[in-house]
Amino acid sequence: MSSKNHELLATRLAAILRKLNYGEQVSIHELAEEFNVSTRTIQRDLLERLSFLQLEKDGNDYRLHDDCLGRIKLG
């Protein structure tokens, strides 16, 4: 993976974390469109790369468990 790809991945993951941390419910399809990647990539982000989070699933949407909201400190 190139340096540019690593930067895009880091930026995408940070944006997803920010949305979840602020209580947003995120849609796999909407995130895929926003970041111009496949839905499979977003699924991988949520289920593998961000697997340490307590995510709740509702269809194709995910949200952070209420007990975890605001706990992630983003710089």
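**A guided reading of the predicted fold**

In the hairpin formed by β2 and β3, two residues lie between the strands, and glycine 59 there takes a positive phi near 70°. Strands, like helices, are DSSP runs numbered from the N terminus, with at least two residues (E) for a strand and at least four (H or I) for a helix. The model is a predicted one, in which local features need pLDDT of at least 70 and side-chain atom pairs count only at pLDDT 80 or more, whereas totals for chains, interfaces and linings use all residues. Residues are numbered from 1 along each chain as its sequence is written, and side-chain values use heavy atoms, with hydrogens and water left out.

The two strands of the hairpin, β2 (residues 55-58) and β3 (residues 61-64), run antiparallel and are joined by four bridges; strands are taken to pair if DSSP finds at least two bridges between them. Leucine 55 has leucine 64 of β3 as its bridge partner.

Helix α1 may be considered next. Its 19 residues should span 27 Å at 1.5 Å a residue, and the end C-alpha atoms are indeed 27 Å apart; the expected span is 1.5 Å times one less than the number of residues. Several residues of α1 are buried, among them Leu9, Leu13, Ile16 and Leu20, but also Arg12 and Lys19. Buried means under 20% relative accessible area, exposed means over 50%, and partly exposed lies in between (1.4 Å probe, protein chains only). The cover over the buried residues of α1 includes β1, α2, α3, β2 and β3. Just after this helix, glycine 23 takes a positive phi of about 90°.

The largest nonpolar core has 16 residues, and those with the most contacts inside it are Ile16, Leu20, Ile42, Leu46, Leu50 and Leu53. Helix α1 gives the largest share of this core, five residues, while α1, α2, α3 and β3 each supply at least two. Such a core is a set of buried Ala, Val, Leu, Ile, Met, Phe, Trp, Tyr and Cys residues joined through side-chain atoms within 4.5 Å. Not counting residues up to four places away in sequence, leucine 46 touches Ile16, Leu20, Ile28, Ser51, Leu55 and Tyr62, where contact means heavy atoms within 4.5 Å.

Charged pairs follow. The structure holds six salt bridges, each defined as a side-chain nitrogen of Lys or Arg within 4 Å of a carboxyl oxygen of Asp or Glu. One of them joins lysine 19 to glutamate 34 at 3.3 Å, N to O. This pair links distant parts of the chain, with lysine 19 in helix α1 (residues 3-21) and glutamate 34 in helix α2 (residues 28-35), 15 residues apart. Glutamate 34 counts as partly exposed because its relative accessibility is 46%.

Within helix α3 (residues 39-49), aspartate 45 and arginine 49 lie four residues apart, about one turn of the helix, and their closest N and O atoms are 2.6 Å apart in a salt bridge. Aspartate 45 is buried at 0% relative accessibility, whereas arginine 49 is partly exposed at 32%. Together with Arg12, Asp45 and Arg49 are linked in a network of salt bridges.

Serine 27 belongs to strand β1 (residues 26-27) and counts as buried, since its relative accessibility is 12%. A polar atom of the serine 27 side chain lies 3.2 Å from the backbone nitrogen of glutamate 30. Leaving aside neighbours within four places in sequence, serine 27 is in contact with Asn60 and Asp61.

Notes
Polar contact = N/O pair within 3.5 Å; in protein donor to acceptor, adjacent residues only side chain to side chain.
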